[in-house]
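Dear colleague,

Please find below the structure that I am handing over to you. My notes on it follow, arranged by topic so that you can read them with the model open.

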Amino acid sequence: MERIERIPMEEQSGPRSREELEANKMPYEEFCRKLFDVGNEFSKPQALKGIRWLSCTMYIFTPHMVSNLAELGAEVIKIEFPRLADPMKHTSPFNEAYVYPLHDDRPLSGQGLGVINANVNKYFITLDYHRPEAIEVMYRLVKMSDGLTECYRPGTFDKWKISYRYLMEINPRFIYVWGGGFGYGPKVFGGSYDILGQAHAGLASITGFHEDFGGFPVKHTNWVIDWYSGTLGTAGILAALYWREKTGLGTMIEFSQVMCAARCIGYTWPLYGKWGIVRQRWGNWDTLLCVHGIICCGKSDYPDSKNPQLRDEARYVMISAFKDEDFKELCKIINRMDLYEKYQKHKDRVEATAQIEIYNALEEWARDKSRSEVTKILTEAGLLAMPVLNDKEIYESPHFRARGTIRWQADPSYGDILVHSTYSAGLLSKTPRRKYWDARPVGADNLRIYRELLGYPMSTIKEWYAKGII
Amino acid sequence: MCDIIWCKKCDTVNYLDPFNFWNWEGKIGCAGCGTVYYIHMINGYMYRGPEERPGETPDILPLYADQPNNGYEKFLPGIPGKTRPYNCLPREIYLGRADYRKFSIRGRPVRGWAPQPKSTGPAGSHPFIWQVEKHSPEVWQEFIEKKKKGEVKDW
């Protein structure tokens, strides 16, 4: 057979020249739409199909760590305490907004929205680890699973004889993940919550405005460190699975939440280490770039709305113009060329006193404008500006809808729910994430797992249920 | 954290959960002896009261109360005439009244009300799909009506 390089270009099939090849390519936008085919995820393969994981988890951090696997195709069995459930199921914003049912024994207790998005595609069973019968069940599940994630105080599973030390004996390929507050060390008995992680790792101390500007340390409104730590934990699991592919051996992963919170504080510790400077808060501005922050406008985009979040708060806009030429354009627009003359170089305007002067001037200019007007003026001038959107606007945003980031989920148990999870974690062309259901009622899959997977007779299952073992 | 009304007549602690009482003015009945107390709370601070209002009817009952000096005798939620039931009631966001949701903002059924029809299999297990038409026919009827009126949307 003749090598293709020896065939003259004009005799080859396909494009005759590099130019023709380029011209034949579909536009990138179209290529991406076809490649990712948003909304058609269910017809594609799943990357983690064949992996079975046990989720002995509660709250957000560790459930989310495993939920990531389930969204990618792993079969995940979530184990809750009988009738009690993951405590997160009992939380909802201001104790409102529940979906039903939680469990047939508690007809008036719903499942709170706090748990939504953290336990996607999991099968829900109940098991009381304290009971001797539970040990056998756990060992059997471990033998047929690839790994487990738990979040109990360090040593608790060891006390119940289901820690890594015991499980590696019965399944050497087993990957065991502990996720929690502090992990081993001087604070081994310290439990954790997201807010504790944000506080203990110093994240809250550098978030919000400085006291000089009427600010104070702020925690993120959402449990951002729970979600963040969970995602980092999933990365650890995927690395452990790859390691096992190469060596055939399982491993133990220990994931301290306060450790994860420390990862997103950037240059804070190196700054202290080199100069002994304790980093301060700089609010909606930036310590490294200027102009690169959020300003408040004088007028609302929704002056007549009865919802204060729209009427009073839809006034913030993000502006970026840190390059010299952009900053010059910005100064021209706000009619403050004196600022440009004063701070022509970035190293001058990024200094604290300069930033205070510049942002004050910007807010002064925006005092008689709405954020839409500010965005329009700056965007038309070729500068970067974006309103600080609220959830109503995100729901209406064509960008998120076109990419399938936010979707209506016809949840098989709970009905019509608007969700972002699964679809807000990147697009994979060959093996996309997908969401079959959000969560299930307490013990909803007891029969599926105990009877169909483990093969226990119905009489045993009913007896265990009556005794509160499951 | 919540404020309390410690009724000295019957030595009962009535707990005022912060959600309901953070900004609230009105009369509360003691779960122990039924004495009516007036309070006015602003941002969680007891601005006025508790003041006894004999002979008046209470606006609300506490959710939970106990007697720490009597072996922690408890008054759990939902005892008629003593405590109010805990129904996890969602509220209409502007009016503050209880509001179970049957439909999402685009008009499709969402299970936001209690109690739900029992549907468990053995050992608490649930069938996989909740069929509105079969399990909650009245909601399904309402849904059909909404559809006819064009109130059901895709987005």
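**Contacts and overall layout of chain A**

In chain A, 67% of the contacts with a separation of 6 or more are between residues 24 or more positions apart. Please keep in mind that this is a predicted model. Chain A has 470 residues, and 37% of them are buried. Its secondary structure consists of 20 helices and 13 strands. The C-alpha trace of chain A spans about 85 × 75 × 50 Å along its principal axes.

The domain assignment divides chain A into domain 1 (52-263 + 416-467) and domain 2 (292-396). Taken over C-alpha atoms, the centres of these two domains of chain A are separated by 41 Å.

**The six-stranded sheet of chain A**

In which order do the 6 strands of the open sheet in chain A lie? The order is 5-2-1-6-7-8, and the pairing is parallel. Strand 5 (123-126) and strand 8 (251-256) of chain A are the edge strands, each of which pairs on one side only. From one strand to the next, the twist averages 20 degrees.

At one edge of this sheet, strand 7 (residues 175-180) of chain A is joined to strand 8 of chain A by 6 bridges, and the two run parallel. To see one of these pairings, find Trp178(A), whose bridge partner in strand 8 of chain A is Glu254(A).

Two helices that pack on the sheet deserve attention. Helix 3 (residues 61-71) of chain A touches strand 1 (52-56), strand 2 (75-80), strand 6 (147-150) and strand 7 of chain A. The direction of helix 3 makes about 165 degrees with that of strand 1 of chain A. Helix 8 (residues 224-247) of chain A also packs on the sheet, where it touches strand 6, strand 7 and strand 8 of chain A. The direction of helix 8 makes about 165 degrees with that of strand 8 of chain A.

**Three further places in chain A**

The first place is helix 2 (residues 28-36) of chain A, which is hardly covered: among its 9 residues, the count of buried residues is 0. After helix 2 of chain A comes Asp37(A), which has a positive phi, near 45 degrees.

The second place is helix 12 (residues 324-333) of chain A. Which residues of this helix 12 are buried? They are Phe327(A), Leu330(A) and Cys331(A). These residues lie on the same side of helix 12 of chain A because they cover an arc of only 100 degrees around the axis. On the other side of helix 12 of chain A, Glu325(A) and Lys332(A) are exposed. The cover over the buried residues of helix 12 includes helix 13 (337-342) and helix 14 (346-349) of chain A. Helix 12 of chain A is followed by Asn335(A), whose phi is also positive, near 60 degrees.

The third place is the hairpin that strand 12 and strand 13 of chain A form, with 3 residues between them. Strand 12 (residues 407-411) of chain A runs antiparallel to strand 13 (residues 415-419) of chain A, and 5 bridges join the two. Asp411(A) has Gly415(A) of strand 13 as its bridge partner. The side chains along strand 12 of chain A alternate. Arg407(A), Gln409(A) and Asp411(A) point to one face and are buried, whereas Trp408(A) and Ala410(A) point to the other and are not.

**Chain B and its contact with chain A**

Chain B has 155 residues, of which 25% count as buried. Its secondary structure comes to 3 helices and 9 strands. In chain B, residues 24 or more positions apart account for 34% of the contacts with a separation of 6 or more.

An open sheet of 3 strands in chain B has the order 3-4-5 and antiparallel pairing. Its edge strands are strand 3 (24-29) and strand 5 (45-52) of chain B. Strand 3 of chain B is joined by 6 bridges to strand 4 (residues 36-42) of chain B. Trp24(B) stands opposite Met41(B) in strand 4 of chain B.

Finally, how many residues of chain B are in contact with chain A? There are 28, and they are in contact with 38 residues of chain A. To the side of chain B that touches chain A, strand 9 (residues 109-112) of chain B gives the most, with 4 residues. The residues on that side of chain B divide into 14 nonpolar, 9 polar and 5 charged.

With kind regards

Terms used:
Residues are numbered from 1 along each chain as its sequence is written. Chains are lettered from A and ligands numbered from 1 in the order in which they are written. This is a predicted model: local features need pLDDT of at least 70, side-chain atom pairs count only at pLDDT 80 or more; totals for chains, interfaces and linings use all residues. Two strands pair if DSSP finds at least two bridges between them. Axes are lines fitted to C-alpha atoms, for helices over the stretch in contact, and angles run from 0 to 180 degrees between N-to-C directions. Two residues are in contact if their C-beta atoms, placed from the backbone, lie within 7 Å. Domain bounds come from an automatic or database domain assignment. Ala, Val, Leu, Ile, Met, Phe, Trp, Tyr, Cys and Pro count as nonpolar, Asp, Glu, Lys and Arg as charged, and the others, Gly among them, as polar. A residue is buried if 20 or more other C-beta atoms lie within 10 Å of its own, exposed if 12 or fewer, and partly exposed in between; C-beta atoms are placed from the backbone. The arc is that of the directions from the helix axis to the C-beta atoms.
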